[in-house]
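Reader: Please give me a close, connected account of the ligand site and the annotated positions in this entry, and keep what comes from a record apart from what comes from the coordinates.

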Amino acid sequence: MSQPDGQSNTLDNLLEENRTFPPAADFAAQANATAELHDRAAEDRLGFWAEQARRLQWDSDWDQVLDWSNAPFAKWFVGGRLNVAHNCVDRHVEAGNGDRVAIYWEGEPGDSRRITYSELRDEVSRTANALTELGVGSGDRVAIYLPMLPEAVFAMLACARLGALHSVVFGGFSSEALRSRINDAEAKVVITCDGQFRRGSAAPLKANVDEAVTDTPSVEHVLVVRRTASEVGWDADRDLWWHDVVDRQSATHTPESFDSEHPLFILYTSGTTGKPKGILHTSGGYLTQAAYTHNAVFDLKPESDVYWCTADIGWVTGHTYIVYGPLANGASQVIYEGTPNSPHEGRHWEIVQKYGVTTYYTAPTLIRTFMKWGAEIPAQYDLSTLRVLGTVGEPINPEAWTWFREHIGSGRTPIVDTWWQTETGGIMISPLPGVTSAKPGSAQQPLPGLSATVVDESGTPVGRGEGGLLVLDKPWPGMLRGIWGDDQRFRDTYWARFAEQGYYFAGDGAKYDSDGDIWLLGRVDDVMNVSGHRISTTEVESALVSHPTVAEAAVVGAEDATTGQGIVAFVILRGGSGEDAGGDTAISTLREHVAHEIGPIAKPRQIMVVSELPKTRSGKIMRRLLRDVAENRQVGDVSTLADSSVMDQISAGMKSGG
Ligand code: WTA
């Protein structure tokens, strides 16, 4: 293996990763974020945030940076007023940058659109006027169920402009999942499209909405973007074409000022129970953290960079690092509609070459997929414009980190491994590309102004070289302001565990290395991380037992070389479940059933039919033992099981081809 530049301590054994990659001198010399940023934040944290908030244009100033008197419900920039969409769009036009490209949109079939900031302002204004016509106003909720189309961005910003909350539902979720999210938020309008191009063909999307809205009393209208021109069902009282309603609107819309704490959006994420949580974010603090972190972590130079975040708009990464952070900063960015291997496995690199992408932010699971496809694929493209690479969603294994730097970053680009969550709103822990000596596999240190600690079960910080639980020990501007409609769940989920200390419990295990850098070790609750997507074991279990043939189910996340974790289900079938019970057809029926209930991303990798589940005497399923089986390990201590022979039966079943 050739040695990348700037590598200070070579060790071929990646299992004992202890190399560091200091920033190159020329990069450090031009970097937005310097070491002084840490000093400034350390000497006056709230003063630091007040300075960061000046990145935005406020219609009236705040009188207090932080009000934490009603903890855990924070208020940031109290009394300040702004319009989030104006900050992401109009003010760049007013500053003379209207001709700058905001979005280079690339469709999967190869069609493309370039949208400047002036055009973006017109489109967002038209969409805002259309939503007003449909009766959407401040405080209303709008569900957005769209793939990666420019209209998704227009719709989100139009909501923000009107003070309406968007609830974006990932296009890969099923109609069931969509319905429960629409109902929880009581959305008035649903925005969708006829279909989406995925893997070279048109897949229907509106059909899911039609199924979902059969039982959503709050929905008055469904606004439909035409994308694939496929046949769709139509309800003339309810459904409207985007091109009929939006295109005829005026391109002028005067944005109103909203309070800094005005709600901006709800985004549902899996928790440890079956019911997804509607994470609530507000305006001024969220946008401040989005803009600051996007500038510092990606070293954004809006005049010259072409930024690309490969996340879907349906996840928080798409909200903060496609829509709000980059647009608040006036960035030019690529948005790609399709899958990375359509029509060929070099598609991403072809796009990097076509647009001269400088900054590429993706997920470790995709890097591992690229590794499988082979380094000869990216080698066929000119990737020399790339200058910052980033990852998010799960721990990145040092092998993937090294491959990414070597084969995508030409052995020279910094890599930022960014830790954060839907709940944190923006990046919390990450290297700074011009400052930090990067360590493959570690997210390293909280960013200036942000704070995180690893503590033991009692809430006491652990020492260097020790592991424990990750907590966020100080309020931060982008923090969630609650769970939609469920304050108690908000307190219980995040604040009850370390109530005495007032820490936010992130749900992740972590450790400090001997330098005091943080390594994230994965979830410590019943949430799985599959290809960077949070899926709760209970949600998949509920989906399985909702099938008539299933009596009981237990689900675990087992290590998976590509997806991080894979879903492995153990099911007990009902007596008399038919001849094929436990056969291939029955199992594929169950996998499809989970896809129908939640979405294809939640399909179990493997389903094992068993006759018993390992339970303690109090009836709690011991997932730890099932994980041992699913990961082909020696089964651990079974002494607390009600019936210790259960594990022998399960292991034997697994070996005989489960
Ligand atoms: C995991 C995604 C290790 C973590 C922005 C967290 C990570 C959950 C990293 C949040 C990282 C995210 N290293 N683990 N760099 N980034 N995670 O809400 O378990 O979809 O709690 O937000 O992903 O997932 P979410």
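Author: I begin with a single annotated position. The unreviewed UniProt entry carries the annotation "modified residue: N6-acetyllysine" at Lys620. The model is a predicted one, and in it Lys620 sits in the loop that runs from strand 30 (606-609) to helix 19 (623-630). Lys620 counts as exposed because its relative accessible area of 57% is over the 50% cut-off. Once neighbours within four places in sequence are set aside, the contacts of Lys620 are with Pro614 and Lys615.

The ligand site comes next, beginning with the record. UniProt, again in an unreviewed entry, places the feature "binding site" at Gly393, Glu394, Pro395, Asp417, Thr418, Trp419, Trp420, Gln421, Thr422, Asp508, Arg523 and Arg534. In the coordinates, 17 residues surround the ligand, and those that come nearest are Asp417, Thr422, Asp508, Arg523 and Arg534. Each of these five names also appears in the UniProt list. By class, the shell is made up of six nonpolar, six polar and five charged residues. Three elements each contribute at least two residues to this shell: helix 12 (316-328), strand 20 (415-418) and strand 25 (518-523).

Individual polar contacts add detail. The side chain of Asp508 has an N or O atom 2.7 Å from an oxygen atom of the ligand. For Arg534, a polar side-chain atom is likewise 2.7 Å from a ligand oxygen atom. With Glu394 the backbone is involved: one of its polar backbone atoms is 3.4 Å from a nitrogen atom of the ligand. Taken on its own, the ligand has 530 Å² of accessible area, of which the protein covers 96%.

Among the elements of the shell, helix 12 can be described further. All of it is covered in the sense that 13 of its 13 residues are buried. After helix 12 comes Gly330, which has a positive phi, near 70°.

Two annotated residues of the binding site, Trp419 and Gln421, repay separate attention. Trp419 belongs to the loop between strand 20 and strand 21 (453-455). With a relative accessible area of 8%, Trp419 is buried, because that value is under 20%. Beyond its neighbours within four places in sequence, Trp419 contacts Thr424, Ile427, Met428, Ile429, Ala443, Leu470, Leu472, Ala506, Asp508 and Leu520. Gln421 is likewise in the loop between strand 20 and strand 21. Its relative accessibility is 6%, so Gln421 counts as buried. Outside the same sequence window, Gln421 is in contact with Val316, Tyr504, Ala506, Asp508, Arg523 and Arg534. The contacts of Gln421 therefore include Asp508, Arg523 and Arg534, which are among the residues that come nearest the ligand, and Asp508 is also one of the contacts of Trp419.

Two positions outside the UniProt binding-site list complete the picture of local packing. Phe370 lies in helix 14 (residues 364-373) and counts as buried, because its relative accessibility is 3%. Leaving out neighbours within four places in sequence, Phe370 touches Pro340, His348, Trp349, Tyr360 and Trp403. Computed along the chain in residues, Phe370 and Val594 are 224 apart, and their C-alpha atoms are separated by 28 Å. His221 is in strand 11 (residues 221-225), and its side chain reaches the backbone oxygen of Arg238 at 3.4 Å. Arg238 is also one of the contacts of His221 beyond four places in sequence, together with Leu134, Lys188, Val189, Val190, Asp237 and Leu240.

Finally, I turn to the N-terminal portion. UniProt, in an unreviewed entry, assigns residues 35-88 to the feature "domain: Acetyl-coenzyme A synthetase N-terminal". Over that stretch the chain is 41% helix and 19% strand, with the end C-alpha atoms 28 Å apart. Ala25 is in helix 1 (residues 25-30), and a relative accessibility of 63% is why Ala25 counts as exposed. Ala25 and Glu51 are 26 residues apart along the chain, with 27 Å between their C-alpha atoms.

Methods. Residues numbered from 1 in each chain as written. Predicted model: local features only at pLDDT ≥ 70, side-chain atom pairs only at ≥ 80, totals over all residues. Heavy atoms only, no water. Near = heavy atom within 4 Å. Polar contact = N/O pair within 3.5 Å; in protein donor to acceptor, adjacent residues only side chain to side chain. Areas by Shrake-Rupley, 256 points an atom, 1.4 Å probe, with all protein chains shown as cover. Helix = DSSP H or I, 4+ residues; strand = E, 2+ residues; numbered from the N terminus. Nonpolar A, V, L, I, M, F, W, Y, C, P; charged D, E, K, R; others polar. UniProt positions renumbered as here; feature names shortened; annotations may be inferred. Buried < 20%, exposed > 50% of the residue type's maximum accessible area, 1.4 Å probe, protein only. Contact = heavy atoms within 4.5 Å.
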